[in-house]
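User: Please take a close look at one part of this structure, the pairing of strands, and then work outwards from there. I would like a single connected account.

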Amino acid sequence: MTSPIIRFDQVTKRFGDLVVLDRFDFAVAQGEKVTLIGPSGSGKSTVLRILMTLEPFQDGSLTIADIPYHQPNGRGAFRATEQHLRKIRTNVGMVFQSFNLFPHMTVLRNVVEAPIAVLGLKRAEAESRAIELLRLVGLADKKDHFPSQLSGGQQQRVAIARALAMRPRVLLFDEPTSALDPQLVGEVLGVIRALAQEHDLTMLLVTHEMRFAREISDRVCFFDKGRIVEQGSPDQIFSKPNQPRTREFLNSVLPS
Amino acid sequence: MIYGFSYDTSSTYAYALSILPILGIGLIVTIEAALAGFSIALVLGLVWCLFRRSRFKALSWTTACVVEFIRDTPLLVQLFFLYYVLPDYGVTLPAFLTGALALGLQYSAYTSEVYRGGFDAVPRGQWEAATALNLSRYQVYRDIVIPQAVPRIMPSMGNYAVSMLKETPVLSVVTVLDILNLANMIGDRTFEYLVPLSLVGLIFPIMTTLCSVGIRGLERSLPKAGLALR
């Protein structure tokens with residue numbers, strides 16, 4: 001087996017006195033689709049936010065594509081220079097619960113902004129790629145709309161296209177359907193399901209959609225109190241969980 | 001005679017009418033000073049604000065002290081200082097430039113706070129999305145934060161623009177030939193102060209009202225979500 005693309009080694013994350021991740025170990029192989037489940041406040045989203053460099057962590061080590069997050073003698077909360085953090089971020093993309101599209105830009109501009117500004121693509125090339133991606137999420141006809149003119153489900157699909165436009169090796173989904181009306185969840189899950197077929201794309205998904213998690217994941221991790229209590233194949237976790245905490249949680253969220 | 005216009009003191013109306021062109025020239029100087037001062041305040045305030053938000057503690061701390069000092073000293077003191085003390089160190093600026101600089105400096109302390117409020121009002125998710133897309137800090141401000149902050153800061157900036165316009169007559173103490181200074185000169189020569197000063201007193205509310213209306217219109221024409229970037 002090749003070395004994992006993501007490796008948490010004894011990572012500890014604190015907010016003041018509150019320990020959110022406690023000597024956390026976790027590794028993800030390239031191309032793996034991993035779902036993180038668990039009660040709110042258990043640290044699942046924090047794992048994604050640390051990977052996206054939105055949150056620093058205090059102890060332990062974390063690498064992505066063999067790049068360590070902390071630099072030796074690194075300064076500041078992130079113990080790394082901005083330049084180093086930007087190198088890390090070229091590997092990662094993120095889809096947020098609240099979409100976070102840029103409201104003052106059209107759909108097309110939302111998708112081409114970073115490829116032009118960061119990757120240095122020519123506008124024409126960035127736009128033709130963006131339209132391809134918008135077609136993939138079924139929204140090519142909305143390219144000149146502003147986000148406020150779209151439904152939540154459409155906005156989230158644009159946000160997925162925007163993240164993909166940066167060609168990340170790892171794509172993080174932080175409760176991508178939690179802010180949506182129930183009838184709009186399906187269209188977003190459909191797009192994520194299609195992405196899960198991409199062999200090389202590594203996906204980490206935090207979700208409360210258990211049936212969906214079971215369908216697309218290679219591995220499911222159950223979080224509680226800043227630790228992975230149990231992990232395994234979706235069938236094992238959902239059909240015959242070993243830990244009483246996992247059973248308890250699944251009973252509370254799955255319709256019996 | 002001032003600027004080639006002589007005064008007709010035969011009646012109050014004739015007097016008012018005859019000095020209007022002189023006051024008009026002063027009014028232009030006043031407006032120019034306010035425009036120059038406010039442009040300086042807009043740029044410098046943004047610079048202060050960005051410095052204060054810098055990751056380099058020394059820079060943000062020094063800026064905080066400088067801005068606080070500017071805010072806490074009277075405009076008139078700054079004006080005299082720039083006008084009378086700087087030449088001792090070889091920096092001699094024309095009166096108009098000194099005045100605009102003093103106004104701009106003083107108001108930059110206020111506008112920096114307005115910018116801060118505007119930037120803080122941009123939702124956290126916008127910063128996070130910009131970070132996730134790996135935009136540099138410069139690009140985040142230029143393309144994401146400032147276009148969204150502008151509609152939010154327009155009302156406060158408008159207030160400061162109007163209040164600066166009303167403060168420009170202060171520049172007459174350093175010999176800037178603004179509307180108040182000219183009105184005074186006319187009074188000195190005709191021994192008749194009531195009419196010129198009354199006219200100045202009337203022209204200011206008209207100007208500030210026009211200015212306010214213009215700013216309201218500008219506010220309304222801006223979309224709430226930010227400056228539209230196509």
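Analyst: Two strands count as paired if DSSP finds at least two bridges between them. The model is a predicted one, and what follows should be read as a description of that prediction.

The central element here is strand β4 of chain A, residues 59-64. On one side of the account is strand β1 of chain A, residues 6-15, which pairs with β4(A) in the antiparallel sense over five bridges. Within this pairing, Asp9(A) stands opposite Ser61(A) of β4(A). β4(A) also pairs with strand β5 of chain A, residues 67-68, again in the antiparallel sense. Two bridges join β4(A) and β5(A), and that number just meets the cut-off of at least two. Here Thr63(A) stands opposite Pro68(A) in β5(A). β4(A) and β5(A) form a hairpin with two residues between them. One residue of the turn, Ala65(A), has a positive phi of about 45°.

Helices of chain A come next. Helix α3 of chain A (residues 107-117) packs against helix α5 of chain A (residues 152-164), with axes 8 Å apart and an angle of about 25° between them. Angles under 35 degrees count as roughly parallel, so α3(A) and α5(A) are roughly parallel to each other. α3(A) passes α5(A) in a right-handed crossing. From α3(A), the contact uses Val107(A), Asn110(A) and Val111(A); from α5(A), it uses Val158(A), Ala161(A) and Arg162(A). By class, these residues are four nonpolar, one polar and one charged.

Beyond chain A lies its contact with chain B, where 24 residues of chain A touch 21 residues of chain B. On the chain B side, α5 (124-132) and α6 (137-167) each supply at least two residues. α5(B) gives the most, with six residues. That side of chain B comprises 10 nonpolar, seven polar and four charged residues.

A single residue of chain B closes the account. Ala228(B) is found in the segment after α8 (194-221) of chain B. There are 14 other C-beta atoms within 10 Å of Ala228(B), so this residue is partly exposed. Leaving aside neighbours within four places in sequence, Ala228(B) is in contact with Pro223(B) and, across the chains, with His104(A). The C-alpha atom of Ala228(B) is separated by 7.7 Å from that of Pro147(B), a residue 81 residues apart from Ala228(B) along the chain.

Conventions:
Residues are numbered from 1 along each chain as its sequence is written. Chains are lettered from A and ligands numbered from 1 in the order in which they are written. This is a predicted model: local features need pLDDT of at least 70, side-chain atom pairs count only at pLDDT 80 or more; totals for chains, interfaces and linings use all residues. Axes are lines fitted to C-alpha atoms, for helices over the stretch in contact, and angles run from 0 to 180 degrees between N-to-C directions. Helices (H or I, at least four residues) and strands (E, at least two) are DSSP runs, numbered from the N terminus. Angles under 35 degrees count as roughly parallel, over 145 as roughly antiparallel, 65 to 115 as roughly perpendicular and the rest as oblique. A crossing is left-handed if the near helix is turned anticlockwise from the far one by less than a right angle, and right-handed if clockwise. Two residues are in contact if their C-beta atoms, placed from the backbone, lie within 7 Å. Ala, Val, Leu, Ile, Met, Phe, Trp, Tyr, Cys and Pro count as nonpolar, Asp, Glu, Lys and Arg as charged, and the others, Gly among them, as polar. A residue is buried if 20 or more other C-beta atoms lie within 10 Å of its own, exposed if 12 or fewer, and partly exposed in between; C-beta atoms are placed from the backbone.
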